[in-house]
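Trainee: I should like to go through the terms applied to this model and the grounds for each.
Mentor: Please put your questions in turn.

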Amino acid sequence: MKLLSSISSLQNRDAYNNEVKVGVIGLGFMGAAHVAAISAYPEAELVAVVSRDPKTRQGDFSEIGGNLTLEKRQFDFSLVRKYSAWEEIVADDQVDAISICLPTNFHSAVTIAALAAGKHVICEKPMALTMAECDAMMEAAEHAKRTLMIGQVLRFWPEYRALHKFVGDGQYGKVRQAMFMPDWSKWLPDETQSGGAIMDLLVHDIDQILLLFGMPDRVTAKRLGDVDALMASFIYPGGPEVRLQGGWFAPGVAFSMSFQVRADRGEMELTPDGLQLSDLSGTRGKVAVTPGNAYAAQMHYFLDCCRNGKAPALCRPSDSANAVKVALALKESRAKDGEQVRCSA
């Protein structure tokens, strides 16, 4: 599929050289984060929103919860067009780009409709519930010659960008072991909507593993805990040894994300106390990272791609589709009590 070459050849409309008019579908926690990010981008204007909640449709996010703290909970929507159905915003010819923050079972249909209507699309992760849906979304973007990007926000997270430098520049040698551990106790219990914890939460870490180490040959996973979690191994011939542990747990478990990556001459670890780096001498210290809002960085990158007719090379939809492929393999392995499932072609 030649998605990237197709999007790279987009012919810019005059609007994309100036201001991108953006709409947001879904005004929960992620929708609120996207609204804030769009509002902070000088060359974009939030022109339309979709929500079934009359309170959020007026820009009031005071009762919205999530895994992170919202920096802003009140927005002026007086000039924003307000819809209660996604079909209305897709039909709005004054919208150039759409942010989709809906349950995963809606991602494919809404994305394809928006692309067919000539909109650029940023869709929250995971890309979709099936590989067929992922393929259909990429084909729709290629046909429409519009930008499609999935919200794999860890690619823009300062600590994870530091990890990529640790692994990529080779200063500490070859990576031997890696462990990723995301946990949370709030979830969307209907797996037909969310895909479960592996698709909805762990797909972030799956994407990071693939970005760092490539597609594994096989994966194996076993159930962990009483709700929806796992212990998994990503099998790479010749290494490294990569493990993923986490998911949804019983109420009261705070949201957390952590990793530990060990190379020949050093180790990087993300803990509740911050990012730590150790070397062979035993020296251990905090790693200074430039603070920043990853959701804003992600949105601004997407809008830059829209304005300049460029493919989202930092967050390709084909990579997000691969994360779904591995997530489905992990679900299959867990259902088979740890049987190895092949991922590579």
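Trainee: Where is Pro240 placed?
Mentor: In this predicted model, Pro240 lies in the loop between β9 (228-235) and β10 (241-248). The peptide bond joining Gly239 to Pro240 is cis, with omega about 5°.

Trainee: Which other residues are joined by a cis peptide bond, and what is omega there?
Mentor: Lys125 and Pro126 are joined by a cis bond whose omega is about -15°. Pro126 belongs to the loop between β5 (120-124) and α7. Such bonds deserve mention because most peptide bonds are trans.

Trainee: Why are α11 and α13 called roughly perpendicular?
Mentor: The axes of α11 (residues 203-213) and α13 (residues 317-335) cross at roughly 115° and come within 9 Å. The term covers angles of 65 to 115 degrees, and α11 and α13 are therefore described as roughly perpendicular to each other. The crossing of α11 past α13 is right-handed.

Trainee: What makes the contact between them?
Mentor: From α11 come Val203, Ile206, Asp207 and Leu210, while α13 supplies Asp319, Asn322, Ala323, Val326, Ala327 and Leu330. Sorted by class, the contact of α11 with α13 holds 7 nonpolar, 1 polar and 2 charged residues.

Trainee: Why is α7 called roughly antiparallel to α13?
Mentor: Helix α7 (residues 131-144) packs with α13 at about 175°, the axes being 10 Å apart. Angles over 145 degrees count as roughly antiparallel, so α7 receives that description relative to α13. In this contact, Met131, Cys134 and Met138 of α7 meet residues of α13 including Pro317, Ala321 and Leu328.

Trainee: How do you know that Cys123 is not bonded to Cys101?
Mentor: A disulfide requires sulfur atoms within 2.5 Å. The closest cysteine sulfur to that of Cys123 is in Cys101, at 8.1 Å, which is too far for a bond. Cys306 is likewise in no disulfide, as the nearest cysteine sulfur, in Cys305, is 7.0 Å away. The count by this rule is 0 disulfides.

Trainee: Why is Cys306 called buried?
Mentor: The limit for buried is under 20% relative accessible area. Cys306 has 1% and is therefore buried; Cys123, at 0%, is buried as well.

Trainee: What makes Asp337 exposed and Lys145 partly exposed?
Mentor: Exposed means over 50%, and partly exposed lies between that and 20%. Asp337 has 56% relative accessibility and so counts as exposed, whereas Lys145 has 41% and so is partly exposed. Phi is positive in Asp337, at about 60°, and in Lys145, near 55°.

Key. Residues are numbered from 1 along each chain as its sequence is written. This is a predicted model: local features need pLDDT of at least 70, side-chain atom pairs count only at pLDDT 80 or more; totals for chains, interfaces and linings use all residues. Side-chain values use heavy atoms; hydrogens and water are left out. Axes are lines fitted to C-alpha atoms, for helices over the stretch in contact, and angles run from 0 to 180 degrees between N-to-C directions. Helices (H or I, at least four residues) and strands (E, at least two) are DSSP runs, numbered from the N terminus. Angles under 35 degrees count as roughly parallel, over 145 as roughly antiparallel, 65 to 115 as roughly perpendicular and the rest as oblique. A crossing is left-handed if the near helix is turned anticlockwise from the far one by less than a right angle, and right-handed if clockwise. Contact means heavy atoms within 4.5 Å. Ala, Val, Leu, Ile, Met, Phe, Trp, Tyr, Cys and Pro count as nonpolar, Asp, Glu, Lys and Arg as charged, and the others, Gly among them, as polar. Buried means under 20% relative accessible area, exposed over 50%, partly exposed in between (1.4 Å probe, protein chains only).
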